Amino acid sequence: MIAQQPHSAGLWLLAWRRLKADTTAMISLAVVAVFLLIISLSAAGFIAADWDAEIAVSYAPPGWSQQAAKAAGPATDESAALPDNPYDPLREDILQIQQQLKGAAPQVDWYGVQDPLATDIQAIYSDLAKQGSVQESGKKESLLFGADKWGHDVLKKTIKGAETSIVVGIVAAVLATVLGTVFGALAGYFGGRTDDFFNWFYSIFTAIPYLLLILAVAAVLQQKGVGTIILILALTGWTGPFRLMRAEYLKHKNREYVWAAQAIGASHWRKMAVHIFPNVSHVALVQISILVVGFIKSEVILSFLGFGVPVGTVSWGSILNEAQNELILGKWWQLTAATVAMATLVTAFSLFTDALRDALDPKLR
C-alpha cells in the first residue's frame, strides 16, 4: 500500500500562519475589526442613529473634564487680592466724583463710577437668563465626549463620521484596485499597442500631483456626495495597482502553466482570469489595504477643504472642518475625538498592511 503524501500548505494558509505569529499584526487586525463592527452597527441603525439630535446644551464639555476641574478645586479670584494702585493718575478725580454721587447702593463700573443703567441692564440679564434656562431645560449640561455647537453628541457624531470615511475608503479602494488590475492585466498580457496605450494613459495621470488631480476632478464634477467622492478617488487612484499588476502579468504570461493552458485550448480571457490572476491576487489584496488608508486621508482632506460630503452628512473631514473654528474658542473636544479616532484606525491599518505584505511575500518565507 502506497502511503499518501501530505499536501503542502498553500499561499494563504502560510500567510495566515505568519500573521498569527506576529503580535503587532494581530493587535492591529483586532483594532480594525472593532472599527468595522462599529460602522456596521452604525449603518444598521443600532448605534449613533440619532447623532443629529440636540440632546445637550451648546458646547457642553466632556463629563470627565468637568470632574477633573472639580477635583482640582475652585479657581481663586486673583483680581480680589489686587491692592489699590496709589499711582493711578485719575485716582483723586474718581474719588471726588464718587463723593459727589449719592444714592442707595450705587452700581459702579471698573473705574468706580456709578452706572445709571446698571439696574436696568441687570434686570435684562436676569430675564435673559430665565428664558435661557427655560429653553435649555431637559438638555444635558455635559456628555462623555462633550457636544458641538448644536448640542450634538460628539461621540455619536464621530462614530457616524467614521462610517462615512471608512465606507468611502473601502469602496473607493476596491474600485481603484479593480480598474488597476483590469488595465494592468490587459497591458501586461497583450503588450504591443495595448501596452503602449495604457502606459500613455498612466503617464498622464502620474504627471499631475495626486492632490491637485483630486481637486481638479472634484472641481470639474461640481457635485458633492459620498458617491462623488468614491468616484473621484477611484478614478485617480488606479495608477498604483496598474503598475504592479502590469509587471506581474508580464512575468507570469511566459510561465509554464500558462503555456500548458494554451496547449489545451484555453482562451486569452480564461488564461488571464482563471490561470494567472489567482497567482497574483495577493498583490491586489495588499493594494486594497494600502489604498484604504490613503483614501480615508484623502476624503478627510476633501471634506476639510469643502469638496467632500454635503451639508447634512457627517464625516471625519467635516468634523475637523467644523472643529477648527471651535478650537479658537477653546472647545477642543470635537477636534480631539475625530483626530484620535482617525489616527487609531490609520495606524492600525498601516501596521496590518505592512504585516500582510510581508506574510504574502514569497521571498520572506
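Thr228 is buried, with a relative accessible area of 13%; buried means under 20% relative accessible area, exposed over 50% and partly exposed in between, using a 1.4 Å probe and protein chains only. The residue is found in helix H9 (residues 226-236). Helices (H or I, at least four residues) and strands (E, at least two) are DSSP runs, numbered from the N terminus. Thr228 touches Leu221 and Gln223, leaving out residues up to four places away in sequence, where contact means heavy atoms within 4.5 Å.

The model is a predicted one, in which local features need pLDDT of at least 70 and side-chain atom pairs count only at pLDDT 80 or more, while totals for chains, interfaces and linings use all residues. Residues are numbered from 1 along each chain as its sequence is written, and side-chain values use heavy atoms, with hydrogens and water left out.

**Overall make-up and confidence**

The protein chain has 14 helices and zero strands. Buried residues make up 36% of its 365 residues. Of the contacts in the protein chain with a separation of 6 or more, 76% are between residues 24 or more positions apart.

The predictor's confidence in each residue is given as pLDDT, from 0 to 100. The protein chain averages a pLDDT of 81, and 80% of the residues score at least 70. Among the elements of the protein chain, helix H2 (residues 23-44) has the highest mean pLDDT (94) and helix H3 (residues 63-72) the lowest (62). Over residues 75-82 the pLDDT stays under 50, and the model has zero contacts for them beyond four places in sequence. Residues 102-106 also have pLDDT below 50, and this stretch has one contact in the model beyond near neighbours in sequence.

**Two residues with positive phi**

The loop between H2 and H3 holds Ala48 and also Tyr59. Phi of Ala48 is near 55 degrees, a positive value in a residue other than glycine. Tyr59, likewise not a glycine, has a positive phi of about 60 degrees. Ala48 is buried, with a relative accessible area of 6%, and Tyr59 is buried at 19%.

**Aromatic pairs**

A search of the whole structure finds 14 aromatic pairs. Rings of Phe, Tyr and Trp (its six-membered ring) pair if their centres lie within 6.5 Å; planes under 30 degrees apart count as stacked, over 60 as edge-to-face and the rest as tilted. Two of the pairs are set out below.

| Pair | Class | Centre to centre | Angle between planes |
|---|---|---|---|
| Tyr189 and Phe190 | edge-to-face | 5.1 Å | 90 degrees |
| Phe197 and Trp200 | tilted | 6.0 Å | 40 degrees |

In the edge-to-face pair, Tyr189 counts as buried because its relative accessibility is 10%, whereas Phe190, at 36%, counts as partly exposed. In the tilted pair, Phe197 and Trp200 are three residues apart in helix H7 (residues 192-207), so about one helical turn separates them. Phe197 counts as partly exposed because its relative accessibility is 45%.

Ring pairs also link Phe183, Phe197, Phe198, Trp200, Phe201, Tyr202, Phe205, Trp238 and Phe242 into a cluster.

**Helix H7 against helix H10**

The axes of H7 and helix H10 (residues 239-252) come within 10 Å and cross at roughly 145 degrees. Such axes are lines fitted to C-alpha atoms, for helices over the stretch in contact, and angles run from 0 to 180 degrees between N-to-C directions. H7 passes H10 in a left-handed crossing, meaning that the near helix is turned anticlockwise from the far one by less than a right angle; clockwise would be right-handed.

On the H7 side, Asp195, Phe198, Asn199, Tyr202, Phe205 and Thr206 meet Thr239, Phe242, Arg243 and Arg246 in H10. By class, this contact has four nonpolar, three polar and three charged residues. Ala, Val, Leu, Ile, Met, Phe, Trp, Tyr, Cys and Pro count as nonpolar, Asp, Glu, Lys and Arg as charged, and the others, Gly among them, as polar. Phe198, Tyr202, Phe205 and Phe242 are named in this contact and also in the ring cluster.

**Thr344 and its sequence-distant contacts**

Which residues does Thr344 contact, leaving aside its neighbours within four places in sequence? They are Val31 and Phe35. Thr344 lies in helix H14 (residues 333-360) and counts as partly exposed, at 36% relative accessibility. Thr344 and Val31 are 313 residues apart in sequence and 8.2 Å apart in space, C-alpha to C-alpha.
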